[in-house]
Amino acid sequence: MNERTVAKRGADFDADSFLNELFQYQKTGSRVFRCYKKDKQLKPTLLRRYDEFGFDENEHGMIAYEETVLKLFSKYCSNDLPSILTPLDFVAYAQHFGVPTRLIDWSFDPFCSLFFSINRPLEADDTGYYLAMANIETNMYFENIFTGVFQPMLSQEVTRTNFPLINEYVYFVQKVLSLDFNVASESIKTHQSKLSKDTLQRLKDYLDDESTSRKHKLFFCTCNDSNTRIIAQSGLFQIPRSFIDASGKDCIDQNVIEACETKYIIDKSVVESLLECLKKLGITKPKLFPDIVSKCQFIFESNPFDLL
């Protein structure tokens, strides 16, 4: 992965050059972005929370943990959700309201991601302000893969013992995303009742290319614009295809690092000027979190005389 440091005016790569470069990449529509302040933030919230509990580090435990918290989300929040959802819509709602899932947030808008990187001061264990950029054309990318493949369901169908949306999601992440080149030719046929012929062929082509290049491909997917935050943040998700590698070690953050084209390292000296530029572009917390709870929280946390 290429590394570029954004430094103060007069440097080889200053803030103006950085913003211009991001705009050029944004115009291509083929680049996606994620902010972070330490490598572990390249992992999904599911694994970070799992580690905090000190549970045994194994894939079966992580899968069980995700399924359990999603069932709790169903139990307590089904009546607060839209009437019809696809499995990914359902999990995206859980993710955006704080439930730990395996979904990793990325954005087609580099300026949204940049805002999330620099809008808060570094904490003691942070190592810097970073922005990762990946090319969806060299990874796996599907638009609304659950739409027209897995039937949307009424959220009211969920009961204490019936979790159809979760069952479809778990089927996809465990049975389909876990495919690799060695088993794809035989196993991919078993999913014909769930996935379209075109989707299966694209998956196989991706896996063939992965085998030839010997380079892991990240899986990116958009979902329906059913969530105002996803719309405001030009969001999409990376769904990790496995939690651990063959040796039993965490592999998600390393897979991201190896698959990304560029890592931008943002010097502290340019943070204030970048934030001012983002404000002029309309990239602010109320815009990126348009629900009323988030807007009221923003008012609570701010000096009101600075807002008017």
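Let's start with the largest pocket, which has a volume of about 1,300 Å³. Keep in mind as you look around that this is a predicted model.

So who sits around that space? The largest pocket is lined by 43 residues, and the ones closest to its centre are Arg34, Thr45, Arg48, Asp105 and Phe116. Try finding those five in the structure to get your bearings. From there, you can trace which parts of the chain help build the lining. Two or more residues come from each of these elements: strand 2 (31-36), helix 2 (45-53), helix 4 (87-96), strand 4 (104-107), helix 5 (110-118), helix 9 (228-232) and strand 9 (235-238). Helix 5 makes the largest contribution, with five residues in the lining. As for chemistry, the lining of the largest pocket is a mix: 18 residues are nonpolar, eleven are polar and 14 are charged.

Now move on to the second largest pocket, which holds about 620 Å³ of space. Its lining has 19 residues, and to find the centre you can look for Phe115, Lys285, Phe298, Ser302 and Leu307, which lie nearest to that point.

Which helices supply at least two residues each to the lining of this second largest pocket? They are helix 11 (271-280), helix 12 (285-288) and helix 13 (292-301). Helix 11 gives the most, with five residues. Sorted by class, the lining of the second largest pocket comes out as eight nonpolar, four polar and seven charged residues.

Technical notes: Residues are numbered from 1 along each chain as its sequence is written. This is a predicted model: local features need pLDDT of at least 70, side-chain atom pairs count only at pLDDT 80 or more; totals for chains, interfaces and linings use all residues. Side-chain values use heavy atoms; hydrogens and water are left out. On a 1 Å grid over the protein atoms alone, a cavity is a set of points where a 1.4 Å probe fits but cannot get out, and a pocket is an open set with protein on both sides within 12 Å along at least five of seven lines; lining residues have an atom within 4 Å of a point. Grid points are joined across faces, edges and corners, and a volume is the space filled by probe spheres set on the points. Helices (H or I, at least four residues) and strands (E, at least two) are DSSP runs, numbered from the N terminus. Ala, Val, Leu, Ile, Met, Phe, Trp, Tyr, Cys and Pro count as nonpolar, Asp, Glu, Lys and Arg as charged, and the others, Gly among them, as polar.
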